[in-house]
Amino acid sequence: VIVPLYNEAESLPELTAWIERVMKDNNFTYEILFINDGSTDESWDVIKDLQSKNDCVKGVCFRRNYGKSPALNTGFQRAQGDVVITMDADLQDSPDEIPELYRMITQEGYDLVSGWKKKRYDPLSKTIPTKLFNATARAVSGIYLHDFNCGLKAYRKKVVKHIEVYGDMHRYIPFLAKAAGFKKIGEKVVQHQARKYGVTKFGLNRFVNGYLDLATLWFQTKFGIKPMHFF
């Protein structure tokens with residue numbers, strides 16, 4: 001379970017205990033990889049304390065804030081499990097979804113399963129741009145997902161070892177996976193929780209950057225193999 005985070009010290013003990021309970025109830029062997037993306041609060045101290053209490057908890061600490069994509073990419077490089085789950089650290093993603101996501105990968109043969117927060121507890125300033133973004137991403141990528149940017153996803157190990165997530169491309173991981181030849185991509189309606197601690201990291205600048213990244217990815221996939229077609 002890869003958990004990228006920035007200033008989420010308050011939520012980490014509760015999230016860890018929740019993941020531990022789900023894993024034990026389902027007899028899963030597991031690891032939790034916390035990727036601390038340059039937090040300025042006590043997140044790293046909390047992670048170190050959690051590590052001292054549970055050998056399954058591991059942590060990586062960036063010296064500064066690089067962004068979610070580099071954090072996920074680092075987690076992908078270090079992950080050892082046959083099934084990789086990603087989730088946000090703010091307790092808005094439910095670890096109770098893990099068993100079914102695991103089943104969809106191992107039994108139904110999906111390469112990637114993306115969560116769909118059908119009922120969201122976010123302000124309109126976030127939900128409306130998100131709907132516009134997802135509609136555009138569906139049209140450009142040809143992948144019919146309702147929620148490309150949902151932090152809760154499950155992957156076959158081969159997928160995370162064959163893609164590179166850079167810049168702000170975490171929004172387009174399904175697109176990256178498809179471009180790498182992993183075409184069985186599905187989605188699952190997942191529970192979305194209201195934020196319990198801290199504040200959202202979402203801003204309209206991320207929305208604008210998302211469209212720029214989508215244009216870049218479309219250009220690379222369309223003309224990367226036969227660049228002379230551009231001319």
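This tour moves through a predicted model, from its nonpolar cores to a helix and then to a loop residue.

**The largest nonpolar core.** Begin by selecting Phe34, Ile85 and Met87, the residues with the most contacts inside the largest nonpolar core, which has 33 residues. Next, colour the elements that each give two or more residues to this core: β1 (2-5), α1 (12-25), β2 (32-36), α2 (43-53), β4 (83-86) and α4 (98-106). Of these, α1 gives the most, with six residues.

**Around Ile85.** Centre the view on Ile85 and display its contacts beyond the neighbours within four places in sequence: Val1, Ile2, Ile98, Leu101, Leu152, Lys153 and Ala154.

**A second core.** Apart from the largest core lies another, of 29 residues. To locate this second core, select Leu33, Ile35, Phe62 and Leu145, which are among its members.

**Helix α4.** Return to α4 and show its buried residues, Ile98, Leu101, Met104 and Ile105. These residues lie on the same side of α4, because they cover an arc of only 125 degrees around the axis. An α-helix has 3.6 residues a turn, so residues three or four places apart point the same way. To see what the buried residues of α4 pack against, add α1, β4, β5 (112-116), β6 (153-156) and β7 (185-189).

**Thr40.** Finally, select Thr40, in the loop between β2 and α2. Is Thr40 buried or exposed? Its relative accessible area is 64%, so Thr40 is exposed. Leaving aside neighbours within four places in sequence, Thr40 is in contact with Tyr6 and Asn7. A C-alpha to C-alpha distance drawn from Thr40 to Asn7 reads 6.3 Å, although the two are 33 residues apart in sequence.

Notes: Residues numbered from 1 in each chain as written. Predicted model: local features only at pLDDT ≥ 70, side-chain atom pairs only at ≥ 80, totals over all residues. Heavy atoms only, no water. Core = buried A, V, L, I, M, F, W, Y, C linked by side-chain atoms within 4.5 Å. Buried < 20%, exposed > 50% of the residue type's maximum accessible area, 1.4 Å probe, protein only. Helix = DSSP H or I, 4+ residues; strand = E, 2+ residues; numbered from the N terminus. Contact = heavy atoms within 4.5 Å. Arc of directions from axis to C-beta.
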